[in-house]
Amino acid sequence: MDSSRFRFLRWAGVVAPAAFIALITYVAYFHLPGFVPAEIVFTLIVGVTTFGAFLFSTFIFSQIEKREREILRRSRELAALHAVSEVVSGSLELDEILTRSLEKVLEVTGTEAAEVFLLDEAAKALILAVHRGAFPEAFQEVARFPLGEGLPGRVAASGQAVLLHNLTSDPRFIRQKVKMLGFQSYACVPLRAKDRVVGVMDVADRRTRLTTDDLRLLTAIGNQVGIAVESAQLYARVQQTANYLNALIESSGDAMITVDLDGRITSWNRGAEEIYGWSKEEAIGQLIPMVPADQQEAALAMLTQMRTGETFRNLEVVRQRKDGQSLEAIVTASPLRDAAGQIAGFLGTSKDISELKRLQRVLLAQGQSLAILEERERIGMDLHDGVIQSLYSVGLRLESCLALVSSAPEEVTRRLERATDDVTSIIKQIRDYVFDLRAHHLHGRRLTEGLDELALELRTNTMMPVEVIADDAARGASERLSEAQATNLFLVAREALTNILKHARASAAAVRLSASDGILCLTVKDDGIGFDPEVARLGEGDGLRNIAERAKLLGARLNVNSQPGSGTEIGLEIPLVDKAHHG
């Protein structure tokens, strides 16, 4: 009861009796005849006053009782809302929320049956989720209502609650078995989550007559249940996604590991167990045990860099197993952020590539052996087709000179001059072959030392100027290369110079090493006749093909710039990675 009504009754309890007594006294003393005895007047005043007091107290106490009933009803409503609030806030399991909420609704309303339908947005229909109370089979006669059909469907579509007192005669209620059981009173309210209807809740009874107060209470409960339904559905989707991601992580053959900001393991999947040998229980809490002792400092430095948001991708590293054996792995590491966007840890994925690297080394060795065999066969064919045939021709020419010495000395002189020129040409070819056969490897030398010796040999044997250009930055960067990288770059330069010698008709060549932004560039350039790169790729020559294969092996970018009459420039760009990352 509001305070204004209390104030009214309080003042009425004072003013009304006083006014009434004053009125009776006035009438008795001023309007009754003087011959009326005083006893009668007194009796009359007492009687009228008593009757008035009875009427007044009856009115006052009826108002108080009415307000007490309203207060009691509201208390029950608040208690019911509090009980439902405890139910919906105490769990995120949808079935538990709905079941316990309906039990409270039955308890508060005193009705016989209650149910909840949830909205299937894809099907645009309400699906019966939970029924509590009497006659579940009758109510489950229809367990699905399209939006706009039946009372539940109409309430969900309109968002407006419905209250009925004569259910059997209402054609909108289509569950005939419920009507046959004699249910008359029915209320249905929407379940709201903010401005969205997520379902409906209804109650029904054969005796209790539901009121608008009951409908108001059910609406308030429906709003609470609607919010809880949305939270539970969201929680279920999050759990489903988390379970799916966990299943993916556990089924992955790669190691997927998370660490805290200090580098201590916080999660360790089955792939990590298989690759590194530590069980999850053994690994959790350890400080990156799979990183060898001599690389711990570098790994922790990476964690420091990742605290700034940096990500490392596809690093080739050496790791160790629980039994102490080393393995080669490719690692990607990135920061993990919490809900506030702050970096809370790090995720690392690693793949064991030991077998892949072993096969690559085997294939490289086999490829080098095959290249040697092919080179021998090519040189043999070149010697047969070039040097040997030229020598045979010179020999025939000299034999013919013997027969002409006495009869035609001038012709002998001319033929000897031609033979001398042929021998000079043969000597040049042999020098070219000697250059082609030598300096196939660095044999422990630095890359720049090997290139300098290669250029010197070429200048000595062919008389063609060859210059090697490498500044201090390039020389320092080349020392960061692994032995395999340096050897392959050296062989690319040798292959390019060999091609210049054989095909370019160049008067000069240059080899340049440069380094910037973590990239080492090797460039071989000549001023020869040039060629069409597309035609060369489709041809039968092995030079460019060999260079392309070595570039692929190095993970380098190959650039070939040439055109007929304008010389050729071959460039190789290789990312610089610490030697420890190569194995």
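In the predicted model, strand S7 (residues 255-259) and strand S11 (residues 343-352) are joined by five bridges in the antiparallel sense. Two residue pairs illustrate this register: Ala255 is placed opposite Ser350 of S11, and Met256 has Thr349 of S11 as its bridge partner. The pairing forms part of an open, antiparallel sheet of five strands, ordered S8-S7-S11-S10-S9. At its edges stand strand S8 (265-268) and strand S9 (312-320); because each has a single partner strand, one side of each is left without a neighbour in the sheet. From one strand to the next, the twist of this sheet averages 30°.

Helix H10 (residues 296-306) packs on this antiparallel sheet, where it touches S7, S9, strand S10 (326-337) and S11. The direction of H10 makes about 155° with that of S9. Strand S11 also pairs with S10, in the antiparallel sense and over nine bridges. Within this pairing, Arg337 faces Ile343 of S11, the two standing opposite each other. S10 and S11 form a hairpin with five residues between the strands, and in this hairpin Gly341 adopts a positive phi near 85°.

A further open sheet of five strands has mixed pairing and follows the order S12-S13-S14-S16-S15. Its edge strands are strand S12 (466-470) and strand S15 (557-562), each of which pairs on one side only. Neighbouring strands of this mixed sheet are turned against each other by 10° on average, with direction ignored. In general, the strands of a sheet pair through backbone hydrogen bonds, in either a parallel or an antiparallel arrangement.

The parallel component of the mixed sheet includes S12 and S13, which pair over five bridges. Here Val466 has Ala509 in S13 as its bridge partner. The pairing of S13 with S14, by contrast, is antiparallel and comprises eight bridges, with Val511 standing opposite Val524 in S14. These two strands, S13 and S14, form a hairpin with two residues between them. Asp517 lies in the turn of that hairpin and has a positive phi of about 55°. At the other end of the strand order, S15 is joined to strand S16 (residues 568-575) by six bridges, and the two strands run antiparallel. Val560 is matched with Ile570 in S16 as its bridge partner.

Two helices lie across strands of the mixed sheet. Helix H13 (residues 447-462) crosses S12, strand S13 (509-516) and strand S14 (519-526), and runs at about 165° to S12. Helix H17 (residues 543-554) lies across S15 and S16, with its direction at about 15° to S16.

Outside these two sheets, Val198 was examined as a residue of strand S6 (residues 196-205). Val198 counts as buried because its relative accessibility is 2%, under the 20% limit that defines this class. When residues up to four places away in sequence are not counted, Val198 touches Leu118, Leu119, Leu191, Ala193, Gly226 and Val229. Val198 and Val225 are separated by 27 residues in sequence and by 9.7 Å in space, from C-alpha to C-alpha.

Leu248, located in helix H7 (residues 212-251), belongs to a nonpolar surface patch together with Tyr244 and Leu245. The accessible area of these three residues together is about 310 Å². Leu248 has a relative accessibility of 42% and therefore counts as partly exposed, a class that lies between the limits of 20% and 50%.

At the level of the whole protein chain, the model contains 17 helices and 16 strands. Of the 583 residues in the chain, 36% are buried. Among contacts between residues at least 6 apart in sequence, 57% join residues at least 24 apart. The accessible surface of the chain comes to about 33100 Å², and carbon and sulfur atoms account for 57% of this area.

Key. Residues are numbered from 1 along each chain as its sequence is written. This is a predicted model: local features need pLDDT of at least 70, side-chain atom pairs count only at pLDDT 80 or more; totals for chains, interfaces and linings use all residues. Side-chain values use heavy atoms; hydrogens and water are left out. Patches are made of residues with over 30% relative accessible area and no salt bridge: like charges are joined within 9 Å, nonpolar side chains (Val, Leu, Ile, Met, Phe, Trp, Tyr) within 5 Å. Accessible areas come from the Shrake-Rupley method with a 1.4 Å probe; for residues, only the protein chains shown count as cover. A salt bridge is a side-chain nitrogen of Lys or Arg within 4 Å of a carboxyl oxygen of Asp or Glu. Helices (H or I, at least four residues) and strands (E, at least two) are DSSP runs, numbered from the N terminus. Buried means under 20% relative accessible area, exposed over 50%, partly exposed in between (1.4 Å probe, protein chains only). Two strands pair if DSSP finds at least two bridges between them. Axes are lines fitted to C-alpha atoms, for helices over the stretch in contact, and angles run from 0 to 180 degrees between N-to-C directions. Contact means heavy atoms within 4.5 Å.
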